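Here are some exercises to work through at your own pace. Have your viewer open, try each task, and then compare your steps with the solution.

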Amino acid sequence: MAKEIERKYLVIGDEWRHLAKGSVYRQGYIPTQDKVTVRVRIVGEKGYLTIKGPTVQYSRLEFEYPIPVEDAQEMLETLCQRPFIEKIRYQIQSDGLIWEIDEFEGVNKGLILAEVELSDENQQIELPAWIGKEVSDDSRYYNSNLVKYPFSQW
């Protein structure tokens, strides 16, 4: 069983930009019930299908599988809600952790979030200087909710 323990923060300033090269992501969500999330994602020439359970504190079950990019494209076009999530993801190592910074495009342009996966919900971490307010408890910042309520409409 896969368990994701994740904290999410707003990013401040541009100091982080020189630390990594970004990859383009395009993803959509297949409608579900009971707070289960089914995500279809394309990163470069690779496709992924991810199923996530409901979040409890900072944790949730997560299962991710590689799929043919053609299948991912077909699922995005025929099964997923609009608008899609479009973003550039940067991975930065800091203090032994990997931070994923998402710079959103499209209807979520202007939003920049950083996520860090932890091994324990109570793990103490050193925040880099470019980390701002924590938004882990604010469901507006979940990618699946940014489809329904884009940042540009807040």
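Buried means under 20% relative accessible area, exposed means over 50%, and partly exposed is in between (1.4 Å probe, protein chains only). Helices (H or I, at least four residues) and strands (E, at least two) are DSSP runs, numbered from the N terminus. The model is predicted, so local features need pLDDT of at least 70 and side-chain atom pairs count only at pLDDT 80 or more, while totals for chains, interfaces and linings use all residues. Residues are numbered from 1 along each chain as its sequence is written, and side-chain values use heavy atoms, with hydrogens and water left out.

**Exercise 1. Find the buried side of helix α1 and what it packs against.**

Step 1. Pick out the buried residues: in α1 (residues 69-78), these include V69, A72 and L76.

Step 2. Look down the axis. The three cover an arc of only 55°, which puts them on the same side of α1. The arc is that of the directions from the helix axis to the C-beta atoms.

Step 3. Turn to the other face: pointing away from the buried side are the exposed residues E70 and T78.

Step 4. List the partners. The buried residues of α1 pack against β2, β3 (37-43), β4 (46-52) and β5 (59-67). Contact here means heavy atoms within 4.5 Å.

**Exercise 2. Describe the surroundings of Q27 in strand β2.**

Step 1. Place the residue: Q27 is found in β2, which spans residues 23-30.

Step 2. Check accessibility. Q27 has a relative accessible area of 0%, so Q27 is buried.

Step 3. Look for a polar partner. The side chain of Q27 makes a polar contact with the side chain of Y29, at 2.9 Å. (A polar contact is a pair of N or O atoms within 3.5 Å; within protein, one must be able to donate a hydrogen and the other to accept it, and residues adjacent in sequence count only if both atoms are side-chain atoms.)

Step 4. Leave aside neighbours within four places in sequence. Q27 is then in contact with R39, V40, R41, L76, F84, I85, K87 and N143.

**Exercise 3. Map the largest nonpolar core.**

Step 1. Set the criterion: a nonpolar core is a set of buried Ala, Val, Leu, Ile, Met, Phe, Trp, Tyr and Cys residues joined through side-chain atoms within 4.5 Å.

Step 2. Apply it. The largest core has 17 residues, and those with the most contacts inside it are W16, W99, I101, A114 and W130.

Step 3. Trace the strands: β1 (3-11), β6 (85-94), β7 (97-104) and β8 (112-117) each supply at least two residues of this core.

Step 4. Look for another core. One of ten residues lies apart from it, with L49, V69, A72 and C80 among its members.

**Exercise 4. How many aromatic pairs are there, and how are W16 and Y90 arranged?**

Step 1. Recall the cut-offs: rings of Phe, Tyr and Trp (its six-membered ring) pair if their centres lie within 6.5 Å; planes under 30 degrees apart count as stacked, over 60 as edge-to-face and the rest as tilted.

Step 2. Searching the whole structure gives five aromatic pairs.

Step 3. W16 and Y90 are edge-to-face, at 5.0 Å centre to centre with 70° between the planes. This pair links distant parts of the chain: W16 is in the loop between β1 and β2 and Y90 in strand β6, 74 residues apart. Both W16 and Y90 are buried.

Step 4. Compute another pair. W99 and W130 are also edge-to-face, at 6.0 Å centre to centre and 80° between the planes. W99 lies in strand β7 and W130 in the loop between β8 and β9 (131-134), so the pair ties together parts that are 31 residues apart in sequence.

Step 5. Follow the rings: ring pairs link Y9, W99 and W130 into a cluster.

**Exercise 5. Which backbone angles at K35, Q57 and the R82 to P83 bond deserve a look?**

Step 1. Start from the usual case: most residues other than glycine have a negative phi, and most peptide bonds are trans.

Step 2. K35, in the loop between β2 and β3, has a positive phi of about 60° although it is not a glycine. At 69% relative accessibility, K35 counts as exposed.

Step 3. Q57 has phi near 60°, also positive, and lies in the loop between β4 and β5.

Step 4. The peptide bond from R82 to P83 is cis, with omega near -5°. P83 lies in the loop between α1 and β6.
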